[in-house]
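This report describes selected parts of one protein model. Please look at the sequence and the structure before reading on.

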Amino acid sequence: MNSSLYYIKSKIKKLLFSFEYLPRWVVFFMDVFLTIFSSEVSYLIIRSLRVKFYDTLDVPTRYGIVVLVNIIFFVIFKTFYGIIRYSTFIDGVKLLYSTLCTLFTLIIINYSTYFLIGKKIYLLPSLFINFLVTFSVLFLFRIFIKIVFENITSFEKNPQALKAVIYGADSNAISVVTALQSEKIKRFKIVGFIDKRNLDSSKRILDIPILNSKKKISVVLRAINAQVLIISDHSLSNIEKLKIVEDCLDSNIKVFKSGAISDWENQEAISKKIIEFKIDDLLGRSTISLDQEPISNQLLDKIILITGAAGSIGSELAKQIITFNPAEIIILDQAETPLHFLSSEMEKLNSDTKITAIIADIRNKETLKRIFKSKKPEVVYHAAAYKHVPMMEENPSQAIYTNVLGTMNTADLASEYGVESFVYISTDKAVNPSNVMGASKRIAERYIQGLSLNAKNEQSKIKFITTRFGNVLGSNGSVVPLFTEQIQNGGPITITHPDVIRYFMTIPEACQLVIEAGAMGNGGEIFIFDMGEPVKIIDLAKKMIRLAGLVPEIDIEIKTIGLRPGEKLYEELLNDHSKTAPTHNSKIMIANDTSTDYDLLFTKVEELIALANNYNNNKLVAKMKEIVPEFVSMNSQYNQLDN
């Protein structure tokens, strides 16, 4: 019997979904038919009350006018445009507006005939009854269709649908459940709600139980064999959310989140907002509040140049800076394809800002000079750099050409052509550097400070500003994309050492702070960012494995491969001799760096570049150690130069 019923249901489902959706004209004629039916029902109700009708018009004509007016407002409010099985709140509102307008129009017609010929067409109570019946029939018809489709689609079990619990019990959570239940291919089977207000667990929402939330979330979910938690409660603090997520991950429970939902969104849009937690969400960092006025004063209607624009930081800077309505953004990089993609993406943004993409190498000063001379940029963000530690350890000349010479070229031309502000993007690896890459960035930092001192001595208007921060999640070549790829390939995840610790922030956060630091700087400062708590790389790997719904060391192996050349166990944002001063933004501090003999520095940098041209790695690195005495190589072929 059950198999026969299942077969019939399956056939009905196949028939229903073979249409995908009914044409609008079919829905229109169904609504017209239901309006005629409602008019007949209304007539019978009034007739049963034994009241006397007006004899101004016969019954077919009277109710023909009612149907005609309804049709007019169906067309005006487009009540038949929606797909019935996906009807939403807005469809109900359209029906209400349509039938109410019909009621008021018929009342106006009724009293107009009274003033013209001294007779009414309709009894006023009959119009109200007709309105109630018509709206109820049309509305209930849509509900009936939704229920039929939901029952038919739920009859065929989806073996891949995961048992899920919704954290939250407000209107947002209800919208999430409704959207998930309307999915054609269901991802989740909702088995319960959890509410932090400890609602009575004997109650139900949408016929789904409210679970006891006094116990740990993971215990509650395991008790009902739920595999997924969907967080829909937006009143949770970051600390509360992190506590819930980490509890679930430790119990191998997948966690999803839903965005804020408005009443006007359809179920398909809501469904798309239900996404998995990402590693960025587990940083627990608070939202940044930018001081908009000085940033706007610096960037509004200005010509902005961004070097290294095709990279992770450069491209995000471009996307954020365009919101401040500069006159033009010049995006410069030597990587053709990524620059093309960024240019195309920027052109699609709804902005009056002109986007100019230039392929150029910052190591070629003559090319840069033509750009500065013709474009006359007013603000420069210098993000171009080589950043991969092992590669620069093998190719120190290239680190000098790009990170030192390229920075010198860009900064010198900025000074020569009257740029107002030059923002240099450095790295925490420049602090007590242990590798060639970090040392090259530290040399560039000191060169920028030297130019700033000269500019102040010459009373130049240009401000040279340095920003320094740690690793950014998801940047090109960082551990997050690497770990993601390794997890997708079934492992192993490779880490260099179980005790390696790094500071992390997201790319958008880093760029927000760069933009604000650039606006608040007076010249010569090194701004360092609050990177939050340091993260153990092995812990990051384990969290990413759990976020993928897998178990570390069981589903995915974590393999230690040893520290790479030049790599530290931990990074620093300040050297031993530096202190910090606060700014008005609690996430940005100023490093009080020690002064130096900049005339001697410029001479040594010129000697360094000459050595880079000879490609003698040992002599080159030895010179770098002379310029940066705190540069002590680690796990490197250059250790011998420290003796």
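## Strand β6 and its partner

Strand β6 spans residues 254-258, and 4 of its 5 residues are buried, so the strand is largely enclosed by the rest of the structure. The model is a predicted one.

Strand β5, residues 228-231, pairs with β6 in the parallel sense, over 4 bridges. Within this pairing, Ile231 lies opposite Lys257 of β6. Between β5 and β6 the chain passes through helix α8, residues 238-250, and the resulting β-α-β crossover is right-handed.

## Helix α17

Helix α17 covers residues 479-488, and its buried residues are Val480, Phe483, Gln486 and Ile487. These residues lie on the same side of α17, because they cover an arc of only 130 degrees around the axis. In an α-helix there are 3.6 residues a turn, so residues three or four places apart point the same way.

The buried residues of α17 pack against two strands, β14 (471-473) and β15 (493-495), and against helix α19 (537-547). Just after α17 comes Gly490, which has a positive phi of about 85 degrees.

## Nonpolar cores

The largest nonpolar core has 51 residues, and those touching the most other members are Leu332, Ile400, Phe422, Ile443 and Met624. Apart from neighbours within four places in sequence, Ile400 contacts Leu405, Ser440, Leu608, Ile609, Ala612, Leu620 and Met624.

A second core, separate from this one, has 40 residues, among them Ile425, Cys511, Ile515 and Ile588. In soluble globular proteins, nonpolar side chains tend to be buried together.

Definitions and conventions
Residues numbered from 1 in each chain as written. Predicted model: local features only at pLDDT ≥ 70, side-chain atom pairs only at ≥ 80, totals over all residues. Heavy atoms only, no water. Buried < 20%, exposed > 50% of the residue type's maximum accessible area, 1.4 Å probe, protein only. Pairing = 2+ DSSP bridges. Right-handed = clockwise from strand over helix to strand, strands pointing away. Arc of directions from axis to C-beta. Contact = heavy atoms within 4.5 Å. Core = buried A, V, L, I, M, F, W, Y, C linked by side-chain atoms within 4.5 Å.
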